[in-house]
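Q: Could we go through this structure one feature at a time? Please give the general idea first and then the case at hand.

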Amino acid sequence: MQNNTGEMPLSYETAIAELESIVSQMESEKLTLEQSLSAYKRGAELLKICQQSLVAAEQQIQMLSEENKLTDYSQN
């Protein structure tokens, strides 16, 4: 599945790694104001990707849990 820019979406792990890199760069205090603003914007985008991935994973877990409950009841 592609995102609206035509690129493949980042995996959770890739987004987290990039986010950690951005945080390190910002903590180094070696970025200009413009670079810091750009890094912050990218970090916000990555955070959104991570949050969406976690919500999707949680939904999958809930669905699997519900399926297991139905299976358990049918065995009685």
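Q: Is R42 buried, partly exposed or exposed?
A: Partly exposed means a relative accessible area between 20% and 50%. The model is a predicted one. In it R42 has a relative accessible area of 27%, so R42 is partly exposed.

Q: Which side chain meets R42 in a salt bridge at 2.8 Å, N to O?
A: A salt bridge needs a side-chain nitrogen of Lys or Arg within 4 Å of a carboxyl oxygen of Asp or Glu. Here the partner of R42 is E18, at 2.8 Å. This pair links distant parts of the chain, with R42 in helix α2 and E18 in helix α1, 24 residues apart. E18 is partly exposed too, at 27%.

Q: How many salt bridges does the structure hold?
A: There are 2. R42 also forms a salt bridge with E45, where the closest N and O atoms are 3.3 Å apart. R42 and E45 both belong to helix α2 and are 3 residues apart, about one turn of the helix. E18, R42 and E45 are thus linked in a network of salt bridges.

Q: Which residues make up the largest nonpolar core?
A: The residues of such a core are buried, meaning under 20% relative accessible area. This core has 6 residues: A15, L19, I22, A39, L46 and C50. Both α1 and α2 give two or more residues to this core. Leaving out residues up to four places away in sequence, L19 touches G43 and L46.

Q: Where is L31 placed?
A: L31 lies in the loop between α1 (12-27) and α2 (33-74). Its relative accessible area is 26%, so L31 is partly exposed. Beyond four places in sequence, L31 touches Q25, M26, S36 and A39.

Terms used
Residues numbered from 1 in each chain as written. Predicted model: local features only at pLDDT ≥ 70, side-chain atom pairs only at ≥ 80, totals over all residues. Heavy atoms only, no water. Helix = DSSP H or I, 4+ residues; strand = E, 2+ residues; numbered from the N terminus. Buried < 20%, exposed > 50% of the residue type's maximum accessible area, 1.4 Å probe, protein only. Contact = heavy atoms within 4.5 Å. Core = buried A, V, L, I, M, F, W, Y, C linked by side-chain atoms within 4.5 Å.
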